[in-house]
Amino acid sequence: MGTGDAVRLAELVAALSLATDLGLGQPQQHIIRQTLIAMRLGELEGLSDDERAAIFYVSLLAWVGCVADAHEMGKWFGDDMAVRADSYLVDLTGVPMMRFMIGHVASGSSPIRRLTMIGRFLAGGSKEVERSMASHCEASGDLSLRLGLGPEVRDPLQQAFERWDGKGSPAKLEGYEIARIMRIVHVANDVEALHRIGGVGAAVEMLRSRRGTEFDPELVDRFCAHAGELLPSIDELDGWDTLIGGHDALERELTGAELDEVLEAFADYADVKSPFTLGHSRGVAQLAAAAADTMGLPSDDVVLVRRAALVHDVGVIGVSAGILDKAGPLTAAERERIRTHPYLTARTFSKPPALAAIGQLAAMHHERMDGSGYPSGLTADSIPMTARVIAVADMYHALLEPRPHRAARARDAARQLLAAEVTDGRLDGDAVRAVLDAAGHRVRRPVGHAGGLTSREVEVLVMLARGMTKKQIAQELTISAKTVNAHAEHIYTKLGVRSRGAAALYAMRHGLIAVGDTAD
């Protein structure tokens, strides 16, 4: 992609929805089809062009926050994607919701572990899951602001888990207190899933069974009366072309700087899926771009390298948190699932032509010179220097970060491992030298006071973001758990957030997540 190629904001948001489909355990274009249904219903409701443009963005972004609470969901349910996929079949309130949750606690674990986890879930885990929904809403709203969208989008996004009957969360809004845009999206979301599974009849039956509880009864009645007009051929359309084309309000093109900012936001949302990868994509992009520049690559290639590196792990959204955060050995099936993430990244960016080059380059970050990499097993002749640089930067940065199964490596140990990869013919020697040159100085955590935080509060924030419990933080810092709790309350108040996921996003955005603090 040349640096001058035009990209519309609508295309980027629609591309991100393809990644969100993965996190929801849904087939690609689920959210795009949902959005088509929502916009058709909005037109039936007589909404203005501006209101339907708001529906477009609210619908595409409503579930993007699923990555922000993936760690918490994975902790309780193992496969966060499976529990989300199954949730479409249940009216999630009261006894049915509790039965559904308990049925998925510690899914796939031994009977003894399941019983233990169910006990913990009943003792307080259910409240933690409910709080994680607030994290989801905060994350979606945060992204909408970073995309330059206004309150007409951000405010409804805070209501993604509210219900018509007031039994939702986090604000327990009821009836018309919920924005009409979000009430429309609520209907469209479940309709798409049930229509795909069982046709028009299944969608209408589901709506009528939840009329006046989960959904606005007037919207249900209107939809059911016009279901024959709203749903036919929805599965046969190319959702992308139908959705994006012909809407003047969605024609806003991004400047190069704006595109970079949006891709940085995408990087953060990929990394927040696991506490072990916070700040990874930004760090890889910085290293790879500096190395590409050092090597004398053309300026357009340097820009392309940075952009591809920013989104290289977007496909990780399609891997369950239970796999990403697993401390023990992975099974063959789990390893294979992880190996799909570069392909999923390419698929996410395959639709908008102007972004295809970014996606194709990003998908090569695990390819190796000797053909031992994945997903395509490319060899040296098929791997451009741009991809070789990103592969080295990704490996180097990952080695400096902790992972569930190992501690962070020291910088000198990381250098030695890269040198061994060159000797064994897997990494390009010139790319390795350029990346090591770009990483020639220590990267330290800033000691400033972002958000008015004290130095100790920055320490606590980073540990919270990485998923450490307050008890673990107290032991690490040799302070009491009560003091840690006080710090956490002050941090959340100062930053204006309510959840670990939102705090983690703040920490990444303000450069508080750093690697490489281990001495050489």
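This section describes the nonpolar cores, helix 14 and a buried arginine in a predicted model.

The largest nonpolar core comprises 145 residues. Leu12, Tyr57, Leu61, Val191, Leu207, Phe223 and Val311 have the most contacts inside it. Helix 9 (residues 180–209) supplies the largest share of this core, with 13 residues. Another core, of 13 residues, lies apart from it. Its members include Met73, Val90, Met101 and Val129.

The surroundings of phenylalanine 223 were examined within the largest core. With residues up to four places away in sequence left out, phenylalanine 223 touches Ile37, Leu41, Val187, Val191, Leu207, Leu230 and Leu231. Of these contacts, Val191 and Leu207 also appear among the residues with the most contacts inside the core.

Helix 14 covers residues 280–294. Its 15 residues, at 1.5 Å each, should span 21 Å. The end C-alpha atoms are 21 Å apart, so the computed distance agrees with the expected span. Buried positions in helix 14 are His280, Ser281, Gly283, Val284, Ala285, Leu287, Ala288, Ala289, Ala291 and Ala292. The buried residues of helix 14 pack against four helices: helix 13 (256–271), helix 15, helix 20 (385–399) and helix 22 (429–438). Just after helix 14, glycine 296 adopts a positive phi of about 80°.

Helix 15, one of these packing partners, spans residues 299–310 and contains arginine 307. The relative accessibility of arginine 307 is 4%, so this residue counts as buried; the cut-off is under 20%. The arginine 307 side chain makes a polar contact of 2.7 Å with the side chain of aspartate 260.

Key. Residues numbered from 1 in each chain as written. Predicted model: local features only at pLDDT ≥ 70, side-chain atom pairs only at ≥ 80, totals over all residues. Heavy atoms only, no water. Helix = DSSP H or I, 4+ residues; strand = E, 2+ residues; numbered from the N terminus. Buried < 20%, exposed > 50% of the residue type's maximum accessible area, 1.4 Å probe, protein only. Polar contact = N/O pair within 3.5 Å; in protein donor to acceptor, adjacent residues only side chain to side chain. Expected span 1.5 Å × (residues − 1). Contact = heavy atoms within 4.5 Å. Core = buried A, V, L, I, M, F, W, Y, C linked by side-chain atoms within 4.5 Å.
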